[in-house]
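Student: I have a chain open on my screen and would like to learn how its features get their names. Could you take me through the reasoning?

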Amino acid sequence: MSNRISITPTNHPIVLVESSAGGLHALQDLFANISIESDTTYVVVQHLGAHFESQLSTFLSKVTDIPIRIPKQGEQMQKNCIYLQPKG
């Protein structure tokens, strides 16, 4: 089973941020300084093992009020939102 997701295109900027598991503090610093009204979608991809449970949502929610979501197949990406990769 693949964890790839196809997401409907948007009419606003999308920023892709990649990080290793050791990059949590850098991600916190980044999102602590981004306005909740940036009119941008953020997609964060962490380089983790397939069976590793990410705690990124918990860490980021401590420093930002930007909504954090796991995308679903066919979902329209919303601006002013952070999307995290699904587990696996």
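Tutor: Gladly. Helices here are DSSP runs of at least four residues and strands are runs of at least two, numbered from the N terminus. On that basis the protein chain has 2 helices and 4 strands. Keep in mind that this is a predicted model.

Student: What pattern do these elements follow along the sequence?

Tutor: The protein chain reads β-α-β-α-β-β.

Student: What makes S1 and S2 a pair of strands?

Tutor: A pair needs at least two bridges between the strands. Strand S1 (residues 14-20) and strand S2 (residues 41-47) have 7 bridges, in the parallel sense, so they pass the rule. To find the register on your screen, look for Glu18, which stands opposite Val45 in S2.

Student: Which strands does S4 pair with?

Tutor: Strand S4 (residues 81-84) pairs with S2 in the parallel sense over 4 bridges. Here Thr41 stands opposite Cys81, and Val44 has Leu84 as its bridge partner. Strand S3 (residues 68-69) also runs parallel to S4, joined to it by 2 bridges. The rule asks for at least two bridges, so S3 and S4 count as a pair. In that pairing, Arg69 is matched with Tyr83.

Student: Why is the unit of S1, H1 and S2 called right-handed?

Tutor: Point the strands away from you and follow the path from the first strand over the helix to the second: a clockwise path is right-handed. S1, helix H1 (residues 24-32) and S2 form a β-α-β unit of the right-handed kind, so you should see a clockwise path in that view.

Student: Why is the aromatic pair called edge-to-face?

Tutor: The count comes to 1 aromatic pair. The ring centres of Phe31 and Tyr42 are 5.5 Å apart, with the planes at 90°. The cut-offs are 6.5 Å for the centres and over 60 degrees for edge-to-face, so this pair meets both and earns the name. Phe31 belongs to helix H1 and Tyr42 to strand S2, so the pair ties together parts 11 residues apart in sequence.

Student: How do you know that these two residues are buried?

Tutor: Buried means under 20% relative accessible area. Phe31 has 1% and Tyr42 has 7%, so each is called buried.

Student: Which elements give two or more residues to the largest nonpolar core?

Tutor: The core has 12 residues in all, among them Val17, Phe31, Tyr42 and Ile82. The elements giving two or more are H1, S2, helix H2 (56-61) and S4. H1 gives the most, with 3 residues. As for Val17, beyond its neighbours within four places in sequence, its contacts are Leu27, Leu30, Val43, Val44 and Val45.

Student: What makes both faces of S4 covered?

Tutor: Cys81 and Tyr83 on one side are buried, and so are Ile82 and Leu84 on the other.

Student: How do you know that the charged end of Lys62 sits over a ring?

Tutor: The distance cut-off is 6 Å from the ring centre, and the charge must also be within 35 degrees of the ring normal. The charged end of Lys62 is 5.6 Å from the centre of the Phe59 ring, and it is listed as sitting over that ring.

Student: Is Phe59 buried, partly exposed or exposed, and what decides the class?

Tutor: Phe59 has 26% relative accessibility, so it falls between the cut-offs of 20% and 50% and counts as partly exposed. This residue is in helix H2 and touches Leu24 and Gln28, leaving out residues up to four places away in sequence.

Student: What makes the phi values of Asp39 and Asn80 worth a look?

Tutor: Most residues other than glycine have a negative phi. Asp39 has a positive phi of about 55°, and Asn80 has a positive one near 60°. Asp39 is in the loop between H1 and S2, while Asn80 is in the loop between S3 and S4. At 38% relative accessibility Asp39 counts as partly exposed, whereas Asn80, at 18%, falls under the 20% cut-off and counts as buried.

Key:
Residues numbered from 1 in each chain as written. Predicted model: local features only at pLDDT ≥ 70, side-chain atom pairs only at ≥ 80, totals over all residues. Heavy atoms only, no water. Phe/Tyr/Trp six-rings, centres within 6.5 Å; stacked < 30°, edge-to-face > 60°. Buried < 20%, exposed > 50% of the residue type's maximum accessible area, 1.4 Å probe, protein only. Core = buried A, V, L, I, M, F, W, Y, C linked by side-chain atoms within 4.5 Å. Contact = heavy atoms within 4.5 Å.
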